[in-house]
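Trainee: Could you take me through one part of this model up close? I'd like the surface first, then whatever open space there is.

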Amino acid sequence: MILHLFLVFLIPWTICLMHLYKKDKVLLFLVAPFFSVVAYLINALGFYFDFWEVLPFPEQKSFASLPFDVGIYPVLSCYCIYFIKKVNKPFLVLLLMTLLTTFLEGIFVFFDRVIYQNGWNIYFTFFSYLLPYLFLYGYYRFLLKIRVLQ
């Protein structure tokens, strides 16, 4: 668990707070909590249908995935919107962020920190990230429409 806390919580938030917080404070506070909830819901569905386990606590599923749900996933979502705003090519950024997130999970699968079950595989993982990122983009467009973000 210490490894998970360090790799998927402390390092991402340290980088995010040192870099992104200085550039776009509002984005951080609007996007990170939203995507944290989305990540929790996706993980809850995956645990419910027994598609994956997160070590070191496979029996305490929500606790084991907590560093991911409040760590790297919200940070990556903030960077996703940041890059969409910066380069103005949303679907390219969404595709690249989905590939990056899938690759990072693939590393955890390779080192047996995440275990796939019941036919789940890395290809399904790609779509399990693509859909939330598309949902995030919809949320971002909504925030633009109501003029919360510019």
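Mentor: Leu3, Phe6, Leu7, Leu10, Ile11 and Ile15 make up a nonpolar patch on the surface, together offering about 510 Å² of accessible area (Shrake-Rupley, 1.4 Å probe, only the protein chains shown counting as cover). Patch members have over 30% relative accessible area and no salt bridge, with nonpolar side chains (Val, Leu, Ile, Met, Phe, Trp, Tyr) joined within 5 Å and like charges within 9 Å; a salt bridge puts a side-chain nitrogen of Lys or Arg within 4 Å of a carboxyl oxygen of Asp or Glu. Bear in mind that this is a predicted model: local features need pLDDT of at least 70, side-chain atom pairs pLDDT 80 or more, while totals for chains, interfaces and linings use all residues. Numbering runs from 1 along each chain as its sequence is written, and side-chain values use heavy atoms, leaving out hydrogens and water.

Phenylalanine 6 sits in helix H1, residues 2–23 (a DSSP run of H or I, at least four residues; strands are E, at least two; numbered from the N terminus). Phenylalanine 6 is partly exposed, at 45% relative accessible area (buried is under 20%, exposed over 50%, partly exposed in between; 1.4 Å probe, protein chains only).

Over in helix H4, you'll find leucine 104. Leucine 104 is partly exposed too, with a relative accessible area of 27%. From leucine 104 to phenylalanine 49 is 55 residues in sequence and 22 Å in space, C-alpha to C-alpha.
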